[in-house]
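Q: Please take a close look at one loop residue of this structure and describe its surroundings.

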Amino acid sequence: HILHGSLSIDGHDISMDGGRGYTEKDFGRDFPSLWIWLQTNSFQSNPGTSLFLSMARIPTPFFGYEFPGFTSAIWHQGQLIRFATYTG
């Protein structure tokens, strides 16, 4: 699908307009009950930039307990920026 919008990092806007995106959902037994994965690497004004984001209801082995979690990363101008539940 075509992307619209922008991402702001340290006050610098990265346009996503006209980029290509992809979303997916899987209904397997070994997957979290809810999850989504998004990624793109098509930024006309910022070639080489890529972004991914995954959010899920993460299962544990403790009595069916689940918790919400996410992981994401941006590769921009040779720098990897990570965001995740475990990074605080």
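The answer below takes up Thr49 and its setting in the chain.

A: The model is predicted; local features need pLDDT (the predictor's confidence in each residue, from 0 to 100) of at least 70, side-chain atom pairs count only at pLDDT 80 or more, and totals for chains, interfaces and linings use all residues. Residues are numbered from 1 along each chain as its sequence is written, and side-chain values use heavy atoms, with hydrogens and water left out.

Thr49 lies in the loop between strand S4 (35–40) and strand S5 (50–59); strands are DSSP runs of E with at least two residues, and helices are runs of H or I with at least four, both numbered from the N terminus. Thr49 counts as buried because its relative accessibility is 4%, where buried means under 20% relative accessible area, exposed over 50% and partly exposed in between, with a 1.4 Å probe and protein chains only. Of the 88 residues of the chain, 24% count as buried.

Leaving out residues up to four places away in sequence, Thr49 touches Thr40, Asn41, Ser42, Phe43, Trp75 and His76; contact means heavy atoms within 4.5 Å. The side chains of Thr49 and His76 are also joined by a polar contact of 2.8 Å, that is, a pair of N or O atoms within 3.5 Å, of which, within protein, one must be able to donate a hydrogen and the other to accept it, while residues adjacent in sequence count only if both atoms are side-chain atoms.

As for the whole chain, there are zero helices and seven strands, and the mean pLDDT is 83, with 90% of residues reaching 70 or more.
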